[in-house]
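Trainee: I keep meeting words like "buried" and "core", and I'd like to know what earns a residue such a label. Can we go through one structure together?

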Amino acid sequence: VPVYRWQLPDELAPAERAIDALVRDDVDAILFTSAQQLDHLLTIAERRGQREALHAALGRTLIGSIGPTCTARIVAHGLRPAVEPDHGHMAHLVKALAVYISSQRGIE
């Protein structure tokens, strides 16, 4: 008996809007807090005939990963995360992203 399963959410509209925004290059950064999130996003894009466009958009987007397992999945999909925090907590991921962006823009 599966106690815990990762399934697509019943309501796909938020993910579909995110895919559309990514494809339009309206998104500067995306944070993944689980490996399954990327799989789900790609599955939804596939159903909409947008998988290739999404993959290309993700290649142009700053990607943050919560930790090694998530990073491994991102890399397995041919993408590269720009940031991964030392500790696998959301606050650390957001801070790592902010530090990365600041360093790229020369902001202290």
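**Earning the labels**

Mentor: Let's start with H40, which is buried because its relative accessible area is 13%. Keep in mind that we are looking at a predicted model.

Trainee: What makes 13% low enough for H40 to be called buried?

Mentor: Buried means under 20% relative accessible area. H40 has 13%, so the label buried fits. H40 sits in helix α2, and, leaving aside neighbours within four places in sequence, its contacts are W6, Q7 and L8.

Trainee: And T71, is that buried or exposed?

Mentor: T71 has a relative accessible area of 15%, so it counts as buried too. Its place is in helix α4. Beyond the neighbours within four places in sequence, T71 is in contact with S65, P81 and E84.

Trainee: Then why is R51 called partly exposed?

Mentor: The cut-offs are under 20% for buried and over 50% for exposed, with partly exposed in between. R51 has 31% relative accessibility, so partly exposed is the right name. R51 belongs to helix α3 and, setting aside neighbours within four places in sequence, is in contact with L42, T43, A45, E46 and H77.

Trainee: How far apart are R51 and L41 in space?

Mentor: From C-alpha to C-alpha they are 8.8 Å apart, with their positions 10 residues apart in sequence.

Trainee: What about D25, which label does it get?

Mentor: D25 has a relative accessible area of 44%, so it is partly exposed. You'll find D25 in the loop between α1 and β1.

Trainee: What is the phi of D25, and why point it out?

Mentor: D25 has a positive phi of about 65° although it is not a glycine. Most residues other than glycine have a negative phi, so a positive one gets pointed out.

Trainee: Now helix α3. How do you know that its buried residues line one face?

Mentor: The buried residues of α3 are L54, A57 and L58. Looking down the axis of α3, they fall within an arc of 100°, so they line one face of the helix. On the other side of α3, E52, G59 and R60 are exposed.

Trainee: What covers the buried residues of α3?

Mentor: The cover includes α1, β1, α2 and β2. Take L54: not counting residues up to four places away in sequence, L54 touches I19, L22, V23, L41, L42 and A45.

Trainee: Which residues have the most contacts inside the largest nonpolar core?

Mentor: Those are F32, L41, L54 and L58, in a core of 24 residues. The elements giving two or more residues to this core are α1, β1, α2, α3, β2, α4 and α5. With 5 residues, α2 gives the most.

Trainee: How do the side chains run along β1?

Mentor: They alternate: I30 and F32 point to one face and are buried, whereas A29 and L31 point to the other face and are not.

Trainee: What makes β1 and β2 a pair?

Mentor: Two strands pair if there are at least two bridges between them. β1 and β2 have 4 bridges, in the parallel sense, so by that rule they pair. One of the bridge partnerships joins A29 to L62 in β2.

Trainee: How do the elements follow each other along the chain?

Mentor: The pattern is α-β-α-α-β-α-α, which comes to 5 helices and 2 strands.

Trainee: How do you know that the chain agrees with a compact globule?

Mentor: With 108 residues, a compact globule would have a radius of gyration near 13 Å; this chain has 14 Å, so the two agree. The C-alpha atoms fill a box of roughly 45 × 35 × 25 Å along the principal axes. Of the 108 residues, 34% count as buried. Among contacts with a separation of 6 or more, 60% come from residues 24 or more positions apart.

Trainee: Last one: what is the confidence in this prediction?

Mentor: The chain averages a pLDDT of 92, and 94% of the residues score at least 70. Confidence is lowest in α5, at a mean of 92, and highest in α3, at 98. Where pLDDT is low, the predicted coordinates should not be read in detail.

Conventions. Residues numbered from 1 in each chain as written. Predicted model: local features only at pLDDT ≥ 70, side-chain atom pairs only at ≥ 80, totals over all residues. Heavy atoms only, no water. Core = buried A, V, L, I, M, F, W, Y, C linked by side-chain atoms within 4.5 Å. Buried < 20%, exposed > 50% of the residue type's maximum accessible area, 1.4 Å probe, protein only. Contact = heavy atoms within 4.5 Å. pLDDT = per-residue confidence, 0-100. Arc of directions from axis to C-beta. Rg over C-alpha atoms; globule rule 2.2 N^0.38 Å.
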